[in-house]
Amino acid sequence: MDRASGKAKAESQGLDFDVVVVGAGFAGLATLHRLRDQMGYSVRVIEAGSAAGGTWYWNRYPGARCDVESLQYSMSISPEVDQEWNWTERFAAQPEILEYTQFLVDKMDFAKDIEFNTRVASAAFDESDNSWTVTTQGGDSLRCRWLVMAAGPLSTPNLPDFPGLDSFEGEVYHTGAWPKEEVSFKGKRVAQIGTGSSGVQIAQEIAKHATKHYVLQRTAHHIIPAANRPINPGEQEEVKKRYRELRDMWQATPGATSYQSLPSNPSIVPGDKSVLEVSPEERREIFDNAWNYGGYAFHRSFNDLLKSTEASTLANEYIAERILEIVSDPAAAEKLVPKQFYGTKRVILDTNYYSIFNQENVELIDVREDPIERITPAGIQTASGKLYEVDMIVCATGFDAMTGSLTRMDIHGRGGAVLRDVWKGGPESYLGIMVTGFPGMFIVGGPQSCSALANVIVANEQQAEWICDCIGYLDKNGYTSIEPTSKAQSDWVEHVNELADGTIYTKGPSWYSGANIEGKPRTFLLYVAGYPTYTKTCNDVAEKGYEGFELDRAKAVN
Ligand SMILES: Cc1cc2nc3c(=O)[nH]c(=O)nc-3n(C[C@H](O)[C@H](O)[C@H](O)COP(=O)(O)OP(=O)(O)OC[C@H]3O[C@@H](n4cnc5c(N)ncnc54)[C@H](O)[C@@H]3O)c2cc1C
């Protein structure tokens, strides 16, 4: 089907487009590329922001950067862009990633098929002809056969409902919706709420400039050094020469990313040994090497840090020692030592985080000991009655992960069922890609996919490709609808939970299970068996004629 006939097909069926895609982050771009450029479909991408980039468009806070190495955190869809784009740092900062995205958008001529500054408010399935009607907040509607939700696993900021927040007389920001205009911390008293990934990154910037910087911590996270640096001379050139081969190699790992971009670099850690089988001296040496090398070398240093509580405890002990060495105030250091098992919450990369607590302008406040009671016009008041007077509050309070961007829309499936209600007891999907009762609606990076536990760009590309190939198969065979059977969906959810139960991930609360959002039902949201196994499972399903799905050609048109 060429591009023109793709459009003709939609028109001949009384539809506006073959496919509507919600979101122009990497997932939306991967979907647009495959459908439009490689398969000839008519596609409209709808994006709330004024440019593409998703995460990197919204998270403009100072200090934001990736934690997968830049050379690996990139799209594979254009060999020309692979050659023409140059990364400057081992872990790129947000402005550079956003520039890269714009470079890609221009090169691939994506913008003409994206409607920017437009938020989708609702989508409704029409059983009479198996079509979807997508309606924007402005009231415009588009009809399409297939709907792809690429609305982002971490794109709905979570702003806790602090009493009195509206009364605060200073500035308030959320890291996940940072303004385009420069925000200055200089000469200000700043309170930062939250010490997850974004909190750790922005803290290092606030501490440089604020006269007083209160860091309000609920949980001490595991924070390991990024050892960020300029990309070594020769390293980028070698990766460019071997990009295809290296991408295949990275994708063969559970997280679709290696802690070293080049296999020719000497191995820093054994990776395949149990931490329990080595002597204390060898363990210390391996942990030291990994710690100093930076990035996720520490995470990959042994094969069981994420599997057994004994192994995880040894990692905890090592990290505690390092914190106590860096932070001179023993009381602050003790508060910074993580109490949960290593790996139950997302492990964070930093540059300088622990040492900011040696600065006189920085004060750590443990809000488990003394919780936030209310926000007053002057600042933050805690349960003990203490008032922290500030000029600015920075909420680094994370996201309604994996489901927030979907449940925020009114998505009506078969019989008018609303996705938000269907997921009230916890989200359920098949492969993280489709939901029973919502025929023809695909999700990239949905709950129970491996998305957020892998290099997300790679996971996005794999799921987008699978979805687009599925659409191609359905069209070729005259089907106008597809949805998972209830059994396939419940078996998948059970399988995902069983896999998670065998790991460290379920040994404590985290956003992986929705525990960061008050009232959100606790279900494990991620597939933990790794990217290669996930990909193989999806491919097997397709090869078996979309096993577990019901395909419908009853209402086929033309
Ligand atoms: C600070 C931060 C750092 C990260 N670092 C890494 C990293 O180093 N490595 C990694 O693998 N992952 C990282 N991630 C995860 C990151 O989200 C993914 O890597 C990736 O960018 C997700 O792409 P996406 O297209 O799936 O979603 P997003 O980039 O979130 O894009 C979704 C888009 O959908 C749009 N949208 C949502 N709802 C609607 C609607 N109703 N109407 C219209 N548009 C809508 C949003 O505006 C957004 O632009 C990070 C996340 C954050 C927040």
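Reader: Let's start at the ligand. How far is an oxygen atom of the ligand from an N or O atom in the side chain of Tyr73?
Author: Bear in mind that this is a predicted model. Tyr73 belongs to the group of residues that come nearest to the ligand, along with Glu47, Thr55, Asp67 and Val456. Between an N or O atom of the Tyr73 side chain and an oxygen atom of the ligand, the distance is 2.5 Å.

Reader: And Thr55, how far is a polar side-chain atom of that residue from an oxygen atom of the ligand?
Author: Thr55 is also one of the residues that come nearest. Here, too, the partner on the ligand is an oxygen atom, and the Thr55 atom is a polar one from the side chain. The separation is 2.7 Å.

Reader: Which residue has a polar backbone atom 2.8 Å from a nitrogen atom of the ligand?
Author: This time the protein's side of the pair comes from the backbone, and the ligand's side is a nitrogen atom. The cut-off for a polar contact is 3.5 Å, and this pair sits at 2.8 Å. The residue is Val120.

Reader: What percentage of the ligand's accessible area does the protein cover?
Author: Taken on its own, the ligand has 980 Å² of accessible area. There are 33 residues around it. The share of that area covered by the protein is 95%.

Reader: Which element gives the largest share of the shell around the ligand?
Author: Helix 2 (26–38), helix 3 (55–58) and helix 14 (456–476) are the elements that give two or more residues to the shell. The largest share is three residues. Those three come from helix 3.

Reader: How many residues of that shell are nonpolar?
Author: Take the other classes first: the shell has three charged residues and 11 polar ones. The nonpolar residues number 19.

Reader: Helix 2 has an arginine I'd like to look at. Is Arg36 buried or exposed?
Author: Arg36 is placed in helix 2. Its relative accessibility is 5%, and the cut-off for buried is under 20%. Arg36 therefore counts as buried.

Reader: Which side chain makes a polar contact of 2.7 Å with the side chain of Arg36?
Author: Arg36 has a polar contact of 2.6 Å with the side chain of Asp37, but that isn't the one you want. The 2.7 Å contact also runs side chain to side chain. The partner there is Asp113.

Reader: Now the backbone. What is the phi of Asn117, roughly?
Author: Most residues other than glycine have a negative phi. Asn117 is not a glycine, and yet its phi is positive. The residue lies in the loop between strand 3 (114–115) and strand 4 (120–126), and it is exposed, with a relative accessible area of 58%. Its phi is about 55°.

Reader: Tyr546 has a positive phi as well. Is Tyr546 buried or exposed?
Author: Phi of Tyr546 is near 65°. The residue is found in the loop between helix 16 (531–543) and strand 20 (549–552). Its relative accessibility is 5%, so Tyr546 counts as buried.

Reader: How many disulfides does the structure hold?
Author: A disulfide needs two cysteine sulfur atoms within 2.5 Å. For Cys144, the nearest cysteine sulfur is that of Cys468, 13 Å away. For Cys470, it is again the sulfur of Cys468, at 9.6 Å. The number of disulfides in the structure is zero.

Reader: Which side chain makes a polar contact with the side chain of Ser355?
Author: Ser355 lies in the loop between strand 11 (348–350) and strand 12 (362–366). At 27% relative accessibility, this serine counts as partly exposed. Its side chain has a polar contact of 2.8 Å with that of Asn352.

Reader: How far apart in space are Asp166 and Ala290?
Author: Asp166 sits in the loop between strand 6 (141–149) and strand 7 (171–174), and it is exposed, with a relative accessible area of 82%. In sequence, Asp166 and Ala290 are 124 residues apart. In space, C-alpha to C-alpha, the distance is 45 Å.

Reader: Last one, on the whole chain: what is the radius of gyration?
Author: The chain has 16 helices and 20 strands. For 558 residues the globule rule gives 24 Å, and the chain comes close to that, so it is as compact as a globular protein of that length. Of those 558 residues, 58% are buried. The radius of gyration is 24 Å.

Notes. Residues are numbered from 1 along each chain as its sequence is written. This is a predicted model: local features need pLDDT of at least 70, side-chain atom pairs count only at pLDDT 80 or more; totals for chains, interfaces and linings use all residues. Side-chain values use heavy atoms; hydrogens and water are left out. A residue is near a molecule or strand if one of its heavy atoms lies within 4 Å of it. A polar contact is a pair of N or O atoms within 3.5 Å; within protein, one must be able to donate a hydrogen and the other to accept it, and residues adjacent in sequence count only if both atoms are side-chain atoms. Accessible areas come from the Shrake-Rupley method with a 1.4 Å probe; for residues, only the protein chains shown count as cover. Helices (H or I, at least four residues) and strands (E, at least two) are DSSP runs, numbered from the N terminus. Ala, Val, Leu, Ile, Met, Phe, Trp, Tyr, Cys and Pro count as nonpolar, Asp, Glu, Lys and Arg as charged, and the others, Gly among them, as polar. Buried means under 20% relative accessible area, exposed over 50%, partly exposed in between (1.4 Å probe, protein chains only). The radius of gyration is taken over C-alpha atoms; the globule rule is 2.2 Å times the number of residues to the power 0.38.
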